[in-house]
Amino acid sequence: MVENKAFDTILVLDFGAQYAQLIARRVRECKVFSEIVPYNISSREIKKKKPKGLILSGGPASVYEKNALFCDKEIFNLGLPVLGICYGMQLMAHFLGGKVAKTDKSEFGKTRLLLGKTDSLLFEGLPKKQNVWMSHKDSVTFPPLGFSSTAITESTPVAAFEDLKRNLFGVQFHPEVAHTPYGLEILKNFLYKACGCLPSWTMVSIIEEAVNYIQETVEGEKAICALSGGVDSAVSALLVHKAIGENLTCVFVDHGLLRWGEPEQVEETFRKHFRINLIHLKAKERFLKKLKGVTDPEEKRKIVGEEFIRVFEEEAKKQKVKFLVQGTLYPDVIESGTREAARIKTHHNVGGLPTEMEFEKVVEPLRLLFKDEVRAVGEELGLPEEIIWRHPFPGPGLAIRIIGEVTPERLEILRKADAIVEDEIKKAGLYRKLWQAFAILPCIKTVGVMGDKRTYAYPIVVRAVTSEDAMTADWSRLPNEVLEKISNRIINEVEGVNRVVYDISSKPPATIEWE
């Protein structure tokens, strides 16, 4: 699955858009594989990938500014269908002889779109009048030669255009967002009718391709799977087990940084339910010793990531295993820094790996998948619901939810507080509606009063967010009564805490995790 060879592919050229990842996900919802690539990818590199079409994302720049992001102009001569969205449409017009200008009227938010009289491939079968989501100051004022304007708005005379002879298309609005009701149909028209893509990116085909990839990579050798108990590593384990059977050994490292009850759940699911070879390594003291005195979050991530690898190397020597399997996802790769995106933070199973490892190869069957796709694969494989829908948990565990040095006392406090947050969220019927809900322990102490006595104890921060893929997230408006129950229980049941606060920051500008 690291390199897609079996599916029709659409490349999404990322011009710094906040919606680039969403475009890729929407294409996949249409059962077509998509890959995000840098805006300046060369036409030669595009040819090597053999895509069926290209989508140019939006972006914050203006095509006539000095710092404008330009793609390789030759991509329009490759004979591939191209769809430009917002900035992508403006760039296409700019390169091919049209005119782009800053107009007197900007459009932001819901806008009424009126289709033109010209036959349109993108809008085939759709209403003549429809709402779309706009976000722009610049507009195409005159389309390039050979293009027809296919839609207008009150403020934009060229809200969409097409050149059917060259299979080039542009829309000023954002079809990828939910606020454009017919956006998915517009994308399907481009994918199926313009690009000739087949809707073959299905869970069954993904599983088949992943199994083939694993078998071709491992070639009858033995492998160790880094099992954490979360959905990513769990799905990876089931895929590898499906591919190589008894040649898989799952290694579960209890580093002492896990949530309440997680070690027991892992044992129950994989040893008893799936009957997979499982080695449970209890390495709490080893990890805490390495983390002693460390407060820098990036250093914590690298320490945990490297120690994980060292533990696996030691076990691999005993088992005579050459291959390490990990549950790395596509958003992990993007956030850890690629040509498409600046590094936000190092994920322990991507950038946090040591440069030299004693494994022949790291096998990552989920590296091209978003979280929702992983869950769908897990359901297809029969993974229990409590693991499929378990909220995401970082590889370094509670180490990066303790803001400061990690100690046994702080871990115990945070683990109990976190269990209360999860329990109350589930009781309120909100667990499946949230992307994540958890507790954070900042290593500061605040003054309080308990039992008529002055206290000096830790605060607990509660974080709950909604999201589709963790690339963006909004803080959840939890009901006041739920927050009240969480606060009361934590203060009353967790010794060493006298204050609970709620994080109301979205991503961006914040990240979901604090470290």
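This is a chat about a predicted protein model, going from its overall build to a few single residues.

Biologist: What am I looking at, and how are residues numbered?

Modeller: This is a predicted model, where local features need pLDDT of at least 70, side-chain atom pairs count only at pLDDT 80 or more, and totals for chains, interfaces and linings use all residues. Residues are numbered from 1 along each chain as its sequence is written, and side-chain values use heavy atoms, with hydrogens and water left out.

Biologist: How many helices and strands are there?

Modeller: The protein has 14 helices and 20 strands. Those are DSSP runs numbered from the N terminus: H or I over at least four residues for helices, E over at least two for strands.

Biologist: What about the radius of gyration?

Modeller: The protein has 25 Å, which agrees with the value near 24 Å for a compact globule, given its 515 residues. That radius is taken over C-alpha atoms, and the globule rule is 2.2 Å times the number of residues to the power 0.38. The C-alpha atoms fill a box of roughly 75 × 65 × 40 Å along the principal axes.

Biologist: And what share of the residues is buried?

Modeller: Of the 515 residues, 57% count as buried. Buried means under 20% relative accessible area, exposed means over 50%, and partly exposed is in between (1.4 Å probe, protein chains only).

Biologist: Let's start at the front end. Is β1 mostly covered or mostly open?

Modeller: Strand β1, residues 9–14, is mostly covered, with 6 of its 6 residues buried. Thr9, Leu11 and Leu13 point one way, while Ile10, Val12 and Asp14 point the other way. In a regular strand, side chains alternate between the two faces of the sheet.

Biologist: Which strand does β1 pair with?

Modeller: β1 pairs with β2, residues 33–38, in the parallel sense over 6 bridges. Two strands count as paired if DSSP finds at least two bridges between them. Asp14 stands opposite Pro38 in β2.

Biologist: What about α1, how many of its residues are buried?

Modeller: In α1, residues 20–29, 9 of the 10 residues are buried. Among them are Leu22, Ile23 and Val27, along with Arg25, Arg26 and Arg28. Just after α1, Lys31 takes a positive phi of about 65°.

Biologist: Switching topic: what is the strand order in the open sheet of 5 strands?

Modeller: The order is β12-β11-β10-β13-β14, and the pairing is parallel. The edge strands are β12 (278–282) and β14 (361–363), each pairing on one side only. The twist averages 30° from one strand to the next.

Biologist: How many bridges join β10 to β13?

Modeller: There are 3 bridges between β10 (residues 223–227) and β13 (residues 323–325). Ile224 stands opposite Leu324 in β13.

Biologist: Which strands does α6 lie across?

Modeller: α6 lies across β10, β11 and β13, running at about 160° to β10. Axes are lines fitted to C-alpha atoms, for helices over the stretch in contact, and angles run from 0 to 180 degrees between N-to-C directions.

Biologist: And how do α5 and α6 pack?

Modeller: Helix α5 (residues 203–218) and helix α6 (residues 231–244) pack at an angle of about 65°, with axes 9 Å apart. The contact includes Ile207, Ala210 and Val211 of α5, and Leu239, Val240 and Lys242 of α6. Contact means heavy atoms within 4.5 Å.

Biologist: Now Thr269. Where is that, and is it buried or exposed?

Modeller: Thr269 is in helix α7, residues 262–273. With 5% relative accessibility, Thr269 counts as buried. Leaving aside neighbours within four places in sequence, Thr269 is in contact with Phe274, Pro384 and Ile387.

Biologist: And Ser62, which residues does it touch?

Modeller: Not counting residues up to four places away in sequence, Ser62 touches Ala68, Tyr87 and Asp138. Ser62 sits in the loop between β3 (53–56) and β4 (82–85), and is buried with a relative accessible area of 6%.

Biologist: Last one: what is there in the way of backbone oddities?

Modeller: Most residues other than glycine have a negative phi, and most peptide bonds are trans. Arg275 has a positive phi near 55° and lies in the loop between α7 and β12. At 68% relative accessibility, Arg275 counts as exposed. Lys320 also has a positive phi, about 55°, and is exposed at 74% relative accessibility.

Biologist: Which peptide bonds are cis?

Modeller: The bond from Lys507 to Pro508 is cis, with omega near -15°. The bond from Pro508 to Pro509 is cis too, with omega near 10°. Pro508 lies in the segment after β20 (497–502).
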